[in-house]
Amino acid sequence: MSVKFEETIKQTGEAAATTGILKGGKHDLAEEIGTALTGGKGNIGKPGYLAAYLEQLRTNPLRTKMLTSGALSGAQEFLASWIAKDRNKNGHYFTSRVPKMAAYGAFISAPMGHILISILQKLFAGRTSLKAKILQILVSNLIVAPIQNTVYLCSMAFIAGARTFHQVHATWKAGFLPVMKVSWVTSPLALAFAQKFLPEHTWVPFFNIIAFTIGTYINATTKKKRLAALRKKHYDETRGGRNDYPGEPKRDY
């Protein structure tokens with residue numbers, strides 16, 4: 001912990017003790033969160049949650065990545081359902097897809113990412129030139145990303161109910177290029193950032209967070225389109241395929 005940060009904590013604590021203004025307020029909450037994450041001045045020698053997580057990532061990489069990816073994948077499905085207002089028949093956002101997505105993240109995505117990223121890192125170990133970094137980005141985008149996206153799309157098709165080769169292939173064919181376009185935009189930036197600022201054992205969780213953010217947006221958008229299509233189909237069926245009120249504005253569900 002830096003001296004400057006320690007002085008800031010000391011000044012904050014003294015101000016709270018003398019004025020009582022910060023007690024129970026948002027500054028206390030921020031200080032408690034910071035202490036939990038980093039350990040805090042009062043817990044010198046005791047790692048916070050972030051340090052403990054990074055230590056687990058270093059000593060038990062695959063297990064930690066599986067737990068992280070499983071939690072993020074399940075949370076992504078739940079959050080996307082909440083954003084899109086996609087409820088199950090009981091009116092809940094916690095649908096059957098949430099545990100399935102968590103299982104995908106833990107038992108498919110994390111081990112696959114662990115192996116592929118490890119191979120990528122070993123291929124370019126000790127090579128720090130600009131040419132090597134650019135080549136690593138190209139290999140990631142032209143080999144690693146297509147493999148990961150293909151497995152992702154096939155898994156999503158299976159979770160959605162596809163059981164035949166034709167159904168899975170149709171899902172892959174429809175989604176592969178759009179997903180790859182997103183990967184080609186975000187992956188070079190994420191990998192360049194990881195190359196510059198992150199230790200190698202943190203790459204997979206970092207990429208998982210990027211995928212969580214993008215995946216939540218794509219998932220929520222897809223759910224909204226599907227729900228809109230279902231509403232339109234239901235509307236057409238109830239109206240006999242006619243629009244009785246052509247001037248009626250479309251409602252935002």
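These questions and answers cover a pocket, a kinked helix and one histidine in a predicted model.

Residues are numbered from 1 along each chain as its sequence is written, and side-chain values use heavy atoms, without hydrogens or water. Local features need pLDDT of at least 70 and side-chain atom pairs count only at pLDDT 80 or more, while totals for chains, interfaces and linings use all residues.

Me: Which helix gives the most residues to the lining of the largest pocket?
Reply: Lining residues have an atom within 4 Å of a pocket point; a pocket is an open set on a 1 Å grid over the protein atoms alone, where a 1.4 Å probe fits, with protein on both sides within 12 Å along at least five of seven lines. Helices are DSSP runs (H or I, at least four residues), numbered from the N terminus. α4, α5, α6, α7 and α8 each supply at least two lining residues. The top contributor, with 13 residues, is α8.

Me: Where in α7 does the kink lie?
Reply: α7 spans only 42 Å between its end C-alpha atoms, against 48 Å for a straight helix of 33 residues. That expected span is 1.5 Å times one less than the number of residues. The bend is the angle between axes fitted to the seven residues ending at a residue and the seven starting there. The kink of about 40 degrees comes shortly before the proline P178, at G175.

Me: Is H114 buried or exposed?
Reply: H114 lies in helix α5. H114 touches P61, L62, K65 and V204 (heavy atoms within 4.5 Å), not counting residues up to four places away in sequence. Buried means under 20% relative accessible area (1.4 Å probe, protein chains only), exposed over 50%, partly exposed in between. At 19%, H114 is therefore buried.
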